[in-house]
Amino acid sequence: MHNPMSEDAILAASFGRRKVVPRACVVDGKLHIRDFLREALEEIGFIAHACEDERGLSQTVVEQQSDLVVLGLSGGGIAANAQLDLLHEMGFQGQVLVFGPPASPMVTAIHGIGRELGLAMLPLLPTPFSDRDLYERVAGLLPKDTIASPTVDVGQALHGGWLELWYQSKVDTRSLSVVGAEALIRMRHPTWGVFLPERFLPDEGDPHFGALSDFVLERVARDWRAFVTEHGNVELAINLPLTFFERGDAIDTLAHQLPRHPAFEGLIVEFDAADLVRNPALATRVARQLQLHNVAVAIDDLGEEWPLLMEFDDLPFAELKVDRTYINGCADDRLKQATCRSIVELADRFGARTVAEGVETRADFVMARELEFDIIQGFFFAKPMEPHKFARRVLGKPVTLPE
């Protein structure tokens with residue numbers, strides 16, 4: 001028999017007392033169901049964990065101080081009944097969400113048993129369900145006000161293994177096929193959940209700055225090897241500050257991390273347009289040196305800096321990525337359209353590709369096509385996502401235009 005939770009653990013399991021990001025435990029016998037629910041909960045603001053059976057349920061609820069248990073029924077009614085009994089024995093003070101077909105007698109029975117045991121049963125989540133359905137069931141557990149999370153030292157994040165690379169697809173505007181992805185760094189804090197990079201990226205003078213760049217190089221190479229096994233070559237892009245290449249060993253370090261695989265066709269390194277303005281000579285020199293290692297350079301977040309590129313006799317940059325501020329609302333803004341058109345014409349003159357960043361609406365997508373951008377990147381097609389989710393949902397799948 002599992003030991004019940006201590007009184008202190010029960011009190012800590014109450015979200016109302018902890019005043020931090022709520023935690024959820026998804027329990028189901030099928031891995032793909034667990035992953036799907038865990039990811040969906042994380043997207044709406046939970047720290048979510050998953051387990052297969054009662055043993056994992058007991059451990060996860062205690063260790064993670066879960067506020068919510070999401071109960072799947074793929075293991076059958078007997079298994080679900082045992083899981084409810086376990087939660088009752090543990091004195092679980094959080095809420096329980098059952099999901100399944102609403103007309104199923106098993107679903108009705110499990111929901112009734114939970115209520116009889118005195119568990120806080122949320123309204124049934126019927127399958128299939130939408131993001132809105134899930135949010136409406138669990139919204140009461142989410143904080144009503146923004147909770148200020150602490151600043152986290154990137155050295156602590158590196159040491160704790162909290163850093164990840166997520167991937168956002170790049171879509172060809174003409175064929176609507178995925179032509180690659182940009183790797184974007186994220187932190188998964190054990191208490192506060194997922195952080196965007198502006199919350200933890202160090203200043204360029206920080207002693208951990210180089211270690212962070214090394215982490216990105218190592219991780220993108222590892223993820224590429226995982227992708228190629230199932231889907232063949234995927235063109236990946238990473239963001240590195242130009243100052244990284246002030247290190248004498250930077251190019252050799254990067255080259256050493258590149259996959260030694262017959263399917264590998266190269267990598268894209270993105271420099272910020274502001275870095276280009278500060279040191280165009282270094283950006284040009286590094287771009288040409290990287291070409292020798294089959295690494296291309298893209299200029300990221302390009303906007304008002306674009307006239308500087310007109311001074312180049314030979315443009316060593318393979319891709320020009322137009323900043324989202326020039327893309328958002330461009331369908332109704334002639335000035336933005338004129339700037340985008342000038343950048344596209346300049347890129348065509350030098351044989352570089354153009355990427356419209358931050359496309360979020362159908363109108364801006366249509367305008368980006370009319371302006372003859374080569375590639376679209378933005379929420380209109382896909383948000384950044386974890387590597388396994390990117391491989392499962394994006395790679396090898398046809399791209400469809402959202403409604």
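**Group meeting: a walk through a predicted structure**

Among contacts in this protein between residues at least 6 apart in sequence, 69% join residues at least 24 apart. I begin with that figure, and I should add at once that the model before you is predicted.

Let me give the overall picture. The protein has 403 residues, of which 51% count as buried. Its secondary structure consists of 16 helices and 15 strands. Taken along the principal axes, the C-alpha atoms fill a box of roughly 75 × 45 × 45 Å.

Next, the confidence of the model. The average pLDDT is 89, and 93% of the residues score at least 70. Residues 1-19 call for caution, since pLDDT stays under 50 over that stretch. For these residues the model has 33 contacts beyond four places in sequence.

I turn now to the interior. In soluble globular proteins, nonpolar side chains tend to be buried together. Here, the largest nonpolar core has 84 residues, and Phe245 and Phe317 are those with the most contacts inside it. Helix α9 gives the most to this core, namely eight residues. Apart from this core lies another, of 20 residues, including Leu57, Val98, Val107 and Ile110.

Which residues does Phe245 touch, once its neighbours within four places in sequence are left aside? They are Leu240, Ala250, Ile251, Leu254, Val269, Phe271, Val286 and Leu290.

We come to the empty spaces. Rolling a probe the size of a water molecule over the atoms shows where empty space is left. A search of the whole structure finds one cavity of 30 Å³ or more. The volume of this largest cavity is about 70 Å³. Two elements give two or more residues to its lining: α9, at 209-231, and α10, at 250-257. The largest share, four residues, comes from α9, the helix that also gives the most to the largest core. Among the lining residues are Leu217, Trp224, Leu254, Gln257 and Phe264. Leu254, as you may recall, is also in contact with Phe245.

How does the lining of the largest cavity divide by class? There are ten nonpolar residues, one polar and no charged.

The second largest pocket has a volume of about 190 Å³. It is lined by 14 residues, and the closest to its centre are Phe381, Arg393, Pro398, Val399 and Thr400. By class, the lining of this pocket comprises ten nonpolar, two polar and two charged residues.

Finally, some details of the backbone, each of them in a loop. The peptide bond from Thr127 to Pro128 is cis, with omega near -5 degrees. Pro128 is found between strand β6, at 125-126, and helix α7, at 131-138.

Two residues other than glycine deserve mention for a positive phi. For Gln65, phi is near 50 degrees. Gln65 belongs to the loop between α4, at 54-64, and β3, at 68-71. For Glu372, phi is near 70 degrees. Glu372 lies in the loop between α15, at 362-370, and β15, at 375-377.

Are these two residues buried, partly exposed or exposed? Gln65 counts as partly exposed because its relative accessibility is 29%, where the partly exposed class runs between 20% and 50%. Glu372, with a relative accessible area of 49%, is therefore partly exposed as well.

Methods:
Residues numbered from 1 in each chain as written. Predicted model: local features only at pLDDT ≥ 70, side-chain atom pairs only at ≥ 80, totals over all residues. Heavy atoms only, no water. pLDDT = per-residue confidence, 0-100. Contact = heavy atoms within 4.5 Å. 1 Å grid on protein atoms, 1.4 Å probe; cavity = no way out; pocket = protein on both sides within 12 Å on 5 of 7 lines; lining within 4 Å. Points joined across faces, edges and corners; volume = space filled by probe spheres on them. Nonpolar A, V, L, I, M, F, W, Y, C, P; charged D, E, K, R; others polar. Core = buried A, V, L, I, M, F, W, Y, C linked by side-chain atoms within 4.5 Å. Buried < 20%, exposed > 50% of the residue type's maximum accessible area, 1.4 Å probe, protein only.
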